[in-house]
Structures are given as C-alpha cells and as structure tokens.
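Student: I have a structure open and I don't know where to start. Can we go through it together?
Tutor: Yes, go ahead and ask.
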Amino acid sequence: MSGYQVEIISPQEKDDMFNKLVADVRYERKANIHGACVKLLTDNLDFKEEWQDNFKFMNEDIRPHAKVFSVEDGNDLRVMYEPISNTCIIKNCDYYGWIKSIALAAISDFFEEYHSEHRRYSVHGSAVDYNGHAIAIIGPPGTGKTTLTYGLLQNHDFNYISDDWFFTRLFKNGNVIYSSEKNSYIRDDIVNVWKSFSTELNKVKLDIRGRGIADVNTLFEGRSRESSTLKTVVLLERDRNHPPFLKLNIDEALDFMVVKDFCNPHQMIRNDRKFKIRKNFFKEVFSKHDVYLLNTIETPNESLKRIKDLAIR
C-alpha cells in the first residue's frame, strides 16, 4: 500500500472543506499532465516549487480537470477524494512524492472515465526508448524499477521517457506511451548503485526523504523523449523461490498484475468497476506485446543485462 488511505467524500463535503481551506492557500499552480490540466493549491512553498520543476506548465486560462489541495492544520495525515470533480484534499503531508503521485492518480481516474476513439490509461511504471521503441518496466515498490531504469540510461543508446508513471494510448495495431512529467523526482541513493550520476545529483536540492527534482535533459545529456511505440513489457518481482527470468503468456502476465494490485499503490478508487477497467486495459496491452518476468534477486548488473538483451533482439 501507499502509506495513506484514501477517503471518498461527497461533493457537499468537498465544498464545505474548500470554504474552510481556501483562506490557507498561498500558492496556486497549474500543470499540463498528458494534455490535462491539474491545479495545485497549497500553503507549502517547497511543494509549489517542486511542482513547477516537476510538471509541464499549463496556461492559467485553462480550466482544471482535477484539483489537488495540500494544506496543514496541525493534525494527522488525511487524503480525501471527491471523484465527480476529481478533487483531492490532502492535509498534513510532508512528502512531495505523495503530492505528485496523488495528482497523477487523480488525472488517471479522469482518463479512465473519459472515452474517446483512442483510449488513454496510466501505468505506474517506468519506460525507456531504444531505437524508437519503448521498453516498459513495471513492478511493485521495492523491486528495482528505478534502479534498472537509471542503469539502462547510462548507455547512450537508451532515451528517458519516465521513471515512475507513464500514459498509454491504445491503437488497433499497437500502443504508444507518453511521459507524465517534465523532470524526474529522483532518489539520492541511486548513486550507490550507479555512480555515474553522482556529479549531477550533487546539484539537486533534496527534500526530507532524500529526493529532489532533477533536470532530465541535463542528467541524460538531452536523451529524453516525449513518447515512443511500445515494444516490450518487463514485469519485476523479488522472490528467491522463483526463477530469475521467464517469458509470460497473456494469462500469466495478467494474473501477476491482479495479484500485485496492478503494481500501483496510488489508486484513488478501488471497486469492481475500476478493477475491470484496469484488468481489461492490461489484457489488451499484453495481447500485443512480449511480456517477461524479471526476478531482481540477481545483482543490478545481471538484471540489467537481461533487459539490454531484450532491447537488441
């Protein structure tokens, strides 16, 4: 789980809270998240600045598709969500990582309800581009998703798309994935594994969790991409009782995602209807692409070699 519980509230409860909280809001910023507008309202200067560095700018005259309030009132952490207006109210959060993940989860909920010819869905995972084709890396927290992503990006043949969350657009003959953020909210301990990033990470302003916003164009020397055509999916686990690497069929891959709660601790709504939407999405993705299960019980370099071998096939 994410470390917080989402409380679903009614429009009336949202309005009542808004009237009380609006006086505490000191900063307002809008972000362009995959073409949708998400507005942050907060009393926290650091959150406002991290939000600006993290996400693409959205013009102020665009009305928001989702709103995120983050304020302090001296009590315990609470995360509330009103799904009709896609409004999140977060009280007493000291961690920007949750603010940005909740914003992405709220706009993901919006996309799940927005129907168009080419459907769009979100994936809590990372993606890199290799020669115009994307490799998606998806796994529960702690399985090495970020470590492997940055390991791949040491090689100049790979381009950055996302290290945490990406969007997918489904077409009849394939799928395209898109970056979700302008820059990376990176962990400082990544240099313990990949020392090549230490010089640039020394320039990053870190928060209380040892994370900060890094300019991906500087970090990866201009090797960042807005989108790429999906080719391969790598699912991650860490289990010493399982083999290190194997190819999965559609049912096996889908069972893995269901058991692992879609590898996404940040879901604003969990019910039978949403479960079916998410399961059907992954079923369609897995029906079009090769899917592998990588068990990260090996060393990072050994796991990295397995993904690189997939890329060059």
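Student: Which residues touch the most other members of the largest nonpolar core?
Tutor: Keep in mind that this is a predicted model. The largest nonpolar core has 34 residues, and those touching the most other members are Ile33, Val38, Trp51, Tyr96, Ile99, Ile102 and Ile107.
Student: Which helices and strands each supply at least two residues of this core?
Tutor: The strands are strand 2 (27-33), strand 3 (36-42), strand 5, strand 6 (78-82) and strand 7 (87-91), and the helices are helix 2 (45-54) and helix 3 (96-113).
Student: And which of them gives the most?
Tutor: Helix 3, with eleven residues.
Student: What is Ile99 in contact with, leaving aside neighbours within four places in sequence?
Tutor: Ile99 is in contact with Leu40, Phe47, Trp51, Ser70, Ile90 and Cys93. Trwo of the names in play here, Ile99 and Trp51, are also among the residues that touch the most other core members.Student: What about a second core?
Tutor: A second, separate core has 29 residues, including Tyr160, Val191, Trp194 and Leu219.
Student: Back to strand 5. Where is Val68, and is Val68 buried or exposed?
Tutor: Val68 sits in strand 5, which covers residues 66-71. Val68 counts as buried because its relative accessibility is 0%.
Student: Which residues does Val68 contact, again without the neighbours within four places?
Tutor: Val68 is in contact with Val38, Lys39, Leu40, Leu41, Cys88, Ile90 and Ala103.
Student: How far is Val68 from Asp207?
Tutor: In sequence they are 139 residues apart, and in space 20 Å, C-alpha to C-alpha.
Student: Cys88 was in that contact list. How many disulfides are there in the whole structure?
Tutor: A search of the whole structure finds zero. A disulfide is a covalent bond between the sulfur atoms of two cysteines.
Student: Why is Cys88 not bonded to Cys93?
Tutor: Cys93 holds the closest cysteine sulfur to that of Cys88, but the distance is 12 Å, so a bond is ruled out as too far. The cut-off for a disulfide is sulfur atoms within 2.5 Å.
Student: Are those two cysteines buried or exposed?
Tutor: Cys88 is buried, at 0% relative accessibility. Cys93 is buried too, with a relative accessible area of 3%.
Student: New topic, helix packing. At what angle do helix 3 and helix 8 pack?
Tutor: The angle is about 80°, and the axes of helix 3 and helix 8 (residues 272-288) are 11 Å apart. The two helices are therefore roughly perpendicular to each other.
Student: Which residues meet there?
Tutor: From helix 3, Asp109, Glu112 and Glu113 meet Arg273, Lys274, Ile277 and Arg278 of helix 8.
Student: How many residues of that contact are nonpolar, polar or charged?
Tutor: One is nonpolar, none is polar and six are charged.
Student: Last thing, backbone angles. What is the phi of His34?
Tutor: His34 has a positive phi of about 55°, although His34 is not a glycine. Most residues other than glycine have a negative phi.
Student: Where is His34, and is it buried or exposed?
Tutor: His34 is in the loop between strand 2 and strand 3. His34 is buried, with a relative accessible area of 17%.
Student: And what is the phi of Glu221?
Tutor: The phi of Glu221 is near 55°, again a positive value in a residue other than glycine. Glu221 lies in the loop between helix 6 (216-219) and strand 16 (227-237).
Student: Is Glu221 buried or exposed?
Tutor: Glu221 counts as exposed, at 55% relative accessibility.

Note on methods. Residues are numbered from 1 along each chain as its sequence is written. This is a predicted model: local features need pLDDT of at least 70, side-chain atom pairs count only at pLDDT 80 or more; totals for chains, interfaces and linings use all residues. Side-chain values use heavy atoms; hydrogens and water are left out. Helices (H or I, at least four residues) and strands (E, at least two) are DSSP runs, numbered from the N terminus. Buried means under 20% relative accessible area, exposed over 50%, partly exposed in between (1.4 Å probe, protein chains only). Contact means heavy atoms within 4.5 Å. A nonpolar core is a set of buried Ala, Val, Leu, Ile, Met, Phe, Trp, Tyr and Cys residues joined through side-chain atoms within 4.5 Å. Axes are lines fitted to C-alpha atoms, for helices over the stretch in contact, and angles run from 0 to 180 degrees between N-to-C directions. Angles under 35 degrees count as roughly parallel, over 145 as roughly antiparallel, 65 to 115 as roughly perpendicular and the rest as oblique. Ala, Val, Leu, Ile, Met, Phe, Trp, Tyr, Cys and Pro count as nonpolar, Asp, Glu, Lys and Arg as charged, and the others, Gly among them, as polar.
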